[in-house]
Amino acid sequence: QVQLVESGGGLVQPGGSLRLSCAASGSIFSIYVMGWYRQALGKQRELVATITSGGSTNYADAVKGQFTISRDHAKNTVYLRMNSLKPEDTAVYYCNAEAVILSDGEYDYWGQGTQVTVSS
């Protein structure tokens with residue numbers, strides 16, 4: 001069984017920074033893509049950023065130049081550094097692991113979500 005455990009969310013003032021972490025635990029052989037999505041109140045969940053096992057990254061236009069995604073393969077952990085935060089970045093941020101290779105197949109997983117609130 002695989003679990004994704006997120007941390008690092010919280011309340012921050014506009015212009016501030018946060019770093020989210022997401023650690024995947026379990027008997028994992030490999031993970032192809034890890035990423036972050038967010039869902040603001042009353043809106044659909046949207047892509048924030050993804051990173052492949054080869055290090056290729058993809059960002060939503062809204063966060064390019066503002067957020068940075070990185071990954072520690074040895075720890076099966078993905079990070080999201082968020083700078084210059086704005087009120088519109090307020091959302092629940094979800095970690096995703098895509099194409100997780102286990103002994104019995106390939107699966108996708110979601111974390112439970114962590115709240116990020118940007119407010120003065």
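The exercises below work through charged pairs, a disulfide, a nonpolar core and one strand residue in a predicted model.

**Exercise 1. Find how many salt bridges the structure holds, and work out which residues share partners in one network.**

Step 1. A search of the whole structure finds 3 salt bridges. Side chains of opposite charge can pair when their charged atoms come close.

Step 2. Take Arg 38 as the starting point: its side chain meets that of Glu 46 in a salt bridge, with a distance of 2.8 Å from N to O. The side chain of Arg 38 also meets that of Asp 89, here at 3.0 Å from N to O. This second pair links distant parts of the chain, since Asp 89 sits in the loop between β8 (77–82) and β9 (91–102) while Arg 38 belongs to strand β4 (residues 30–39), 51 residues apart.

Step 3. The remaining pair is Asp 61 with Lys 64, whose side chains meet in a salt bridge at 3.1 Å, N to O. Through shared partners, salt bridges join Arg 38, Glu 46 and Asp 89 into one network.

**Exercise 2. Decide whether Arg 38, Glu 46, Asp 89 and Asp 61 are buried, partly exposed or exposed.**

Step 1. The cut-offs needed are under 20% relative accessible area for buried and over 50% for exposed, with partly exposed in between.

Step 2. Arg 38 has a relative accessible area of 8%, so this residue is buried, and Asp 89, at 3%, is likewise counted as buried.

Step 3. Glu 46 reaches 39% relative accessibility and therefore counts as partly exposed, whereas Asp 61, with 64%, is exposed.

**Exercise 3. Locate the disulfide, and explain why it is described as left-handed.**

Step 1. The structure holds 1 disulfide, which joins Cys 22 to Cys 95 with an S to S distance of 2.1 Å. A disulfide is a covalent bond between the sulfur atoms of two cysteines.

Step 2. The pair links distant parts of the chain, with Cys 22 in strand β3 (residues 18–25) and Cys 95 in strand β9, 73 residues apart.

Step 3. The torsion about the S-S bond is about -80 degrees, and the disulfide is therefore left-handed.

Step 4. As for accessibility, Cys 22 is buried at 0% relative accessible area, and Cys 95 is buried with a value of 0%.

**Exercise 4. Describe the largest nonpolar core, and say which strand supplies its largest share.**

Step 1. This core has 32 residues, among which Trp 36, Leu 80, Met 82 and Tyr 93 touch the most other members.

Step 2. At least two residues of the core come from each of β3, β4, β5 (46–52), β7 (67–72), β8, β9 and β11 (114–118), and the largest share, 6 residues, comes from β9.

Step 3. Leaving aside neighbours within four places in sequence, the contacts of Tyr 93 include Trp 36, Leu 80 and Met 82, and also Arg 38.

**Exercise 5. Place Ser 21 in the structure, and list what it touches beyond its sequence neighbours.**

Step 1. Ser 21 lies in strand β3 and, at 16% relative accessibility, counts as buried.

Step 2. Not counting residues up to four places away in sequence, Ser 21 touches Val 5, Glu 6, Ser 7, Trp 36, Val 78 and Tyr 79.

Methods:
Residues numbered from 1 in each chain as written. Predicted model: local features only at pLDDT ≥ 70, side-chain atom pairs only at ≥ 80, totals over all residues. Heavy atoms only, no water. Salt bridge = Lys/Arg side-chain N within 4 Å of Asp/Glu carboxyl O. Buried < 20%, exposed > 50% of the residue type's maximum accessible area, 1.4 Å probe, protein only. Helix = DSSP H or I, 4+ residues; strand = E, 2+ residues; numbered from the N terminus. Disulfide = S-S within 2.5 Å. Core = buried A, V, L, I, M, F, W, Y, C linked by side-chain atoms within 4.5 Å. Contact = heavy atoms within 4.5 Å.
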